[in-house]
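This report looks at the pairing of strands and then at a nonpolar area on the surface.

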Amino acid sequence: MTKSREEIAIKIQAFKRIFRQIMESRRSQVGIAIIIFFGIIAAIGPFFTTLDPVNAGSIHSFDELEAAEANCVPEWYQGEKITHNVYPIPTPLFFNASQVSLWNVTEGVIIEYDQEFGYDQNGCVKITFQEEGNATLSVNFYYPYQIPPKSFRGKYRYFITANSNASKTEAKILILPSFKRYGLTAKSYRASMPHFDYFTNEDMDKWKLVRNELISVNPNLKVWYERTYGKSPVDVIFNKPGNYSFELTIQFIGNASKVGNPTVYVDDVQVIVYGNSFGLLGTDYLARDIFTQLVIGTRISFIIGITAATLSTIIGLFYGLISGYVGGILDEIMMRINDMLLVIPGLPLLLVLVYVLGQSMLNIILVVGCLGWMGFARTVRSAVISLKEKLFIEAARAHGAGRFYIMRRHIIPNVFPLVYVTLAMGVPGAILYEAAISWLGLAPLDVMSWGRMLYEFERSGSIATGALTKWYWVLPPGICIAILSVAFVLLGYALDEILNPRLRETW
């Protein structure tokens, strides 16, 4: 027991000396600082980003409306032609008892706040029709820019309760979203075609979501827009800065008594007037936030780089250990297999294997890890061949120690310093391999990495106009790959100086 404690104390003292030397090295200081910085981003960054980095639209996790338009520049860009998002309604869950005053109703319509009912949390507006009439939500906002926005979109949810046996000719609901500009005309600029709803059992079973697009894929809607506003409706509606209002009118047409005084519950209303700038790094061609992709990509590249390098180091360690210690015909066979794998071009083989196995993060880790161990295996084999002829190994054999005991107690501890160096030097290669695989279009489809960001840039067609035209998209992932790779290389060189017997500093 005492001997075991002494061995642990000796190992702790050795670790402290090595750690002190590592921290005294300028190379390792720079490398560790950079690795810690990216490690913090990888660990906590995704918790501060609510946007979806993979699916089109950069939709918030709590929302269904896109956060920005496509191909936006960063918000910190300056210029007369730069516009930002305008939010007439700041939050989609904006209803509370005090905001019932935003509604105007005609005679025969009762409006109140229902705190027990709502789409995804308690609280919504309840509109009861005792006769024909309408209720209009009106929210004022200011549009400050000299040029029109890129587009606008809105959404709302509603829930209808009524006598579902009524015919379509007896009763119907008409929903009209619109914009008005003060001081010009009283004309409403509708953001969508009128939305009709008849009473069905489906209406009384679930909330309905309505999303209004500027130009729908529906050709009839596009014709209606162009006939009313020309080919660019947004240029007509927001043709100059000024005070505007967004209105959502719920109109009942029919005999209210025959359908049991229909009630419409409205919740989750949101409108966004989209500018051409967004976030710290803008958006890509699918309206995804580039900064979110960069942050999420840090974690993915970190995981793939460290995991793949660890896997290849473990495989190389045990392969070289067995080959060097056992020797003989087994050593010859294992080294010929190693040589055969070494001469095969790495990247083409990786691409073929990933294509065959499938585009997943696990497959990339396995393929990169299982094809990066050959050089380290030869290094370990050479060290083991040298060590097994040492006198302390002969003494262990003379005392009856078996192969596995000698390997575990004497060989592995003496070659283990090579593991630290190889692991640090192997991470950059794994990160670069992942970036190359992703850039060539074989990235996992469900995650976003730095390499896939570069692939998406190429896929967008923006490369035809030159990478620097959208440098805020292509440069950040490339710079991050280079900086993180250099950080691990610096740490690897520092470890090599300390742990390599030929370069080891005197203690």
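V105 stands opposite A135 of strand β4, and the bridge partner that A135 has in β10 is I250. The model is predicted, with local features requiring pLDDT of at least 70 and side-chain atom pairs counted only at pLDDT 80 or more, while totals for chains, interfaces and linings use all residues. Residues are numbered from 1 along each chain as its sequence is written, and side-chain values use heavy atoms, with hydrogens and water left out.

Strands, like helices, are DSSP runs numbered from the N terminus (strands E, at least two residues; helices H or I, at least four), and two strands pair if DSSP finds at least two bridges between them. The pairings of β4 are set out below.

| Partner of β4 | Sense | Bridges |
|---|---|---|
| β1 (residues 103-105) | antiparallel | three bridges |
| β10 (residues 242-254) | antiparallel | eleven bridges |

Strand β4 (residues 133-143) is largely enclosed by the rest of the structure, because eight of its eleven residues are buried, where buried means under 20% relative accessible area, exposed over 50% and partly exposed in between (1.4 Å probe, protein chains only).

On the surface, a nonpolar patch of about 1000 Å² is made by residues including I314, F318, I333 and V343. The elements that give two or more residues to the nonpolar patch are α5 (290-326) and α6 (328-343), and α6 gives the most, with seven residues. Such a patch is made of residues with over 30% relative accessible area and no salt bridge (a side-chain nitrogen of Lys or Arg within 4 Å of a carboxyl oxygen of Asp or Glu), nonpolar side chains (Val, Leu, Ile, Met, Phe, Trp, Tyr) being joined within 5 Å and like charges within 9 Å. Accessible areas come from the Shrake-Rupley method with a 1.4 Å probe, and for residues only the protein chains shown count as cover. V343 is found in helix α6 and counts as exposed because its relative accessibility is 67%.
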